Amino acid sequence: MSERVAEMAIGIHESKKQEGYTVDIQRWYCPNCAELITAYTSSDGSAKARCKKCGVLMTKKSINRRNDVIEIVMPHSHY
């Protein structure tokens, strides 16, 4: 069973590479509801994700080794 899971994970990573993403996975907590967010890093170094709990759209960009910028867009239902 674990071999099958490993094959699936490799397949997902390979498909993301072909779509212009790197294999780097970024994780952070949603500043709105504290849900754990996981996203693939794109070729320009940014990662986009939508929180499953509150619906906030976030774009995370690494400035340097210690500083990241997270752009937050609230869903339309919260306007």
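## A first look at the chain

The protein chain exposes about 6100 Å², and carbon and sulfur atoms supply 52% of that area. What you're looking at is a predicted model. It holds one helix and five strands, and if you read along the sequence you get the pattern α-β-β-β-β-β.

**The big picture**

- Of the 79 residues in the protein chain, 24% are buried.
- Take the contacts in the chain with a separation of 6 or more: 14% of them are between residues 24 or more positions apart.

**The core**

- Eleven residues make up the largest nonpolar core: W28, C30, C33, I37, A39, A47, A49, C51, C54, V56 and M58.
- Two strands, β2 (36-42) and β3 (46-50), each supply at least two residues of this core.
- What does W28 touch once you skip its neighbours within four places in sequence? The list runs to E35, L36, I37, A39, A47, A49, M58, K60 and I70.

**K60 and its partner D68**

- You'll find K60 in strand β4, which covers residues 57-62.
- Is K60 buried or exposed? Its relative accessible area is 9%, so K60 counts as buried, the cut-off being under 20%.
- D68 has a relative accessible area of 41%, which makes it partly exposed, because that value falls between the 20% and 50% cut-offs.
- How many salt bridges does a search of the whole structure find? The search turns up one.
- That salt bridge pairs D68 with K60, and their closest N and O atoms are 3.5 Å apart.
- As background, side chains of opposite charge can pair when their charged atoms come close.
- The side chains of K60 and D68 are also joined by a polar contact of 3.5 Å.
- D68 has company around K60: leaving aside neighbours within four places in sequence, K60 is in contact with Q26, R27, W28, G45, S46, A47, D68, V69 and I70.

**A patch on the surface**

- I70, I72 and M74 make a nonpolar surface patch of about 220 Å².
- One of these patch residues, I72, is found in strand β5 (residues 68-73).
- I72 has a relative accessibility of 42%, so it counts as partly exposed.
- Another patch member, I70, is also on the contact list of W28 and on that of K60.

**Two spots in the loops**

- A34 is in the loop between β1 (21-29) and β2.
- What is the phi of A34? It is positive, about 70°, although A34 is not a glycine.
- For context, most residues other than glycine have a negative phi.
- A34 is exposed, because its relative accessible area of 56% is over the 50% cut-off.
- Further along, G55 is in the loop between β3 and β4.
- G55 has a relative accessibility of 16%, and that is under 20%, so G55 counts as buried.
- How far apart are G55 and P75 in sequence, and how far in space? They are 20 residues apart in sequence and 5.9 Å apart in space, C-alpha to C-alpha.
- Not counting residues up to four places away in sequence, G55 touches R50 and P75.

Terms used: Residues numbered from 1 in each chain as written. Predicted model: local features only at pLDDT ≥ 70, side-chain atom pairs only at ≥ 80, totals over all residues. Heavy atoms only, no water. Helix = DSSP H or I, 4+ residues; strand = E, 2+ residues; numbered from the N terminus. Buried < 20%, exposed > 50% of the residue type's maximum accessible area, 1.4 Å probe, protein only. Contact = heavy atoms within 4.5 Å. Areas by Shrake-Rupley, 256 points an atom, 1.4 Å probe, with all protein chains shown as cover. Patch = residues over 30% accessible without salt bridge, like charges linked within 9 Å, V, L, I, M, F, W, Y side chains within 5 Å. Salt bridge = Lys/Arg side-chain N within 4 Å of Asp/Glu carboxyl O. Core = buried A, V, L, I, M, F, W, Y, C linked by side-chain atoms within 4.5 Å. Polar contact = N/O pair within 3.5 Å; in protein donor to acceptor, adjacent residues only side chain to side chain.
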